[in-house]
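Good morning, and thank you for making time for this presentation. Please have the sequence and the structure open while I speak.

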Amino acid sequence: MELRQLRYFIRIVELGSMGRAALDLGVGTPALSQQISRLEGELSTRLLQRTTTGVLPTDAGLAFLRQAQLAIRHADAAAHAARQARLAGHVSIGLAPSTSGVLALPLLEAMRERYPDVRLRVVESLSGNLATMLNARQLDLAVLFETDGARRWSVLPLLEERLFVIGRRDLPGMPTGRSVRIARLASLPLVLPSGTHGLRAILDAAFARERCVPHVVLEIDGLAVLMDAVRAGLAATIQPGAATVRLPADEMARIELAERSARRRNLLASLSDDELSPAALAARVVLRRVAAGLVAQQRWPGATLHEP
C-alpha cells in the first residue's frame, strides 16, 4: 500500500468520478484505475462501486476512507515537522587560496543541496592567518597545512598534495619531463611566498636536505598575483596542483618534484567537538566527503587521500 494510492482513492470519492479525479491528479484514467485495482486486491475487498454516473464508495470503502484521510493527515504532518526541523545555523570555514580554488565551489554546492538552511561564511586567507582566526574562535573549521598541537583543536588528516614546478615552457632553465629533482632547480628563477608562508617552509626544508639554495627572485604572498607573475614569464614557481585548477591545462608546464619529502599535508582543523554547533559538525562531515570525492574523480590535481 502506497500513500499515493490513498490520495488517489480519497480524490476519486471526493469527485465521484474516475475521469475527473484522473484529470485533477494529472494521471491517465487507465493508470488511476489500475492503482485502485491494486489497492482493492491488496485489501481483498471492493472499495468503489462503478455506476452509470460515476463511482460511489462501498461500505468497506467508506470505512477505509476515514482511515485513509487520517493516514494522509499524519503523513503530511510528519513531512511538515521534518521540514521545520531541518538543520540550520551559521558555519565559518577557512580555506587557503590554493585550496579554495578546487574545494570551495563543490563544498558550497554540496552544503546547499544537503543543508539548505545552513548559512556558510567562507574565509580565504593564508594558512597561518586561518590558524590565528580559528584560535580566536572566529572560524569553526579550516583546512590548514600545519597546526600547533598545544591548541585545543580537533585535527583530522585530510589529504596529501604533491608539489609541482610551474612555469612557461620558454622560461630559461625550465625543466622538462614528468618529474624533476630539487637539485636541478638551483639556477631556475623562482617566485615563492615569503618565509611566513607554510609552503615556503616546506620548500626551504626540501632544498636544505638537498644542500642547495633556491634562486628566489620574487616573493609574493597572494596566489593570484603570484600566478600572474608566472604567466608573464617573470619566474617559475613551486605550488601544489590545486594552484593551477583555474588555468588552462596547456598554458604552462607543470612538472612534479621527485622528492617524496616535498609534499604538503592538508589537515582539517576545527574547534573541539563540544564547541561546535550541529551545523558545524555536519559541515565538517560534508567537507571530508567532498574532498574525498574530488580526489577520487581526479579533480584535485596531485592529491592523495590520507590513509590511516
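I shall begin with one helix and its surroundings, then turn to salt bridges, and end with the surface and a loop.

Please bear in mind that this is a predicted model.

Let us start with helix 2, which covers residues 18-25. Which residues of helix 2 are buried? They are Met18, Ala21 and Ala22. Around the axis these residues cover an arc of only 100°, which puts them on the same side of helix 2. As a general point, an α-helix has 3.6 residues a turn, so residues three or four places apart point the same way. What, then, covers the buried residues of helix 2? The cover includes two helices, namely helix 1 (3-15) and helix 3 (29-43), together with strand 1 (48-50) and strand 2 (55-57).

Both ends of this helix deserve a moment. At the start of helix 2, a side-chain oxygen of Ser17 comes to within 3.3 Å of the backbone nitrogen of Gly19. Ser17 itself belongs to the loop between helix 1 and helix 2. Is Ser17 buried or exposed? Ser17 is buried, because its relative accessible area is 12%, under the 20% limit for that class. Leaving aside residues up to four places away in sequence, Ser17 touches Ile12 and Val55. At the other end, just after helix 2, Gly26 adopts a positive phi of about 75°.

I now turn to charged side chains. How many salt bridges does a search of the whole structure find? The search finds 15. Arg11, Glu14 and Asp24 are linked in a network of such bridges.

Three individual pairs may serve as illustrations. In the first illustration, Arg46 forms a salt bridge with Glu40, and the closest N and O atoms are 3.2 Å apart. The two partners fall into separate classes of accessibility: Arg46 is exposed, with a relative accessible area of 51%, whereas Glu40 is buried, at 7%.

The next pair is Glu160 and Arg263, whose side chains meet in a salt bridge at 3.4 Å, N to O. Glu160 lies in strand 6 (residues 153-167) and Arg263 in strand 12 (residues 263-271), so this pair ties together parts that are 103 residues apart in sequence. Glu160 counts as partly exposed, with 23% relative accessibility.

The remaining pair is Asp170 and Arg168, where the salt bridge spans 2.9 Å from N to O. Here Asp170 is exposed, with a relative accessible area of 53%, while Arg168 is partly exposed, at 29%.

Let us move to the surface. Which residues form a nonpolar patch there, with about 240 Å² of accessible area together? They are Leu105, Leu108 and Val122. Leu105 is placed in helix 5, which runs over residues 97-114. With a relative accessible area of 52%, Leu105 is exposed.

Finally, please find Arg184 in the loop between strand 7 (179-180) and strand 8 (189-192). Arg184 is exposed, and its relative accessible area is 59%. How are Arg184 and Ala224 placed with respect to one another? Along the chain they are 40 residues apart, and their C-alpha atoms are separated by 27 Å.

To close, I would recall two points. The buried residues of helix 2 lie on the same side of that helix, and the salt bridge between Glu160 and Arg263 ties together strand 6 and strand 12. Thank you for your attention.

Terms used:
Residues are numbered from 1 along each chain as its sequence is written. This is a predicted model: local features need pLDDT of at least 70, side-chain atom pairs count only at pLDDT 80 or more; totals for chains, interfaces and linings use all residues. Side-chain values use heavy atoms; hydrogens and water are left out. Patches are made of residues with over 30% relative accessible area and no salt bridge: like charges are joined within 9 Å, nonpolar side chains (Val, Leu, Ile, Met, Phe, Trp, Tyr) within 5 Å. Accessible areas come from the Shrake-Rupley method with a 1.4 Å probe; for residues, only the protein chains shown count as cover. A salt bridge is a side-chain nitrogen of Lys or Arg within 4 Å of a carboxyl oxygen of Asp or Glu. Helices (H or I, at least four residues) and strands (E, at least two) are DSSP runs, numbered from the N terminus. Buried means under 20% relative accessible area, exposed over 50%, partly exposed in between (1.4 Å probe, protein chains only). The arc is that of the directions from the helix axis to the C-beta atoms. Contact means heavy atoms within 4.5 Å. A polar contact is a pair of N or O atoms within 3.5 Å; within protein, one must be able to donate a hydrogen and the other to accept it, and residues adjacent in sequence count only if both atoms are side-chain atoms.
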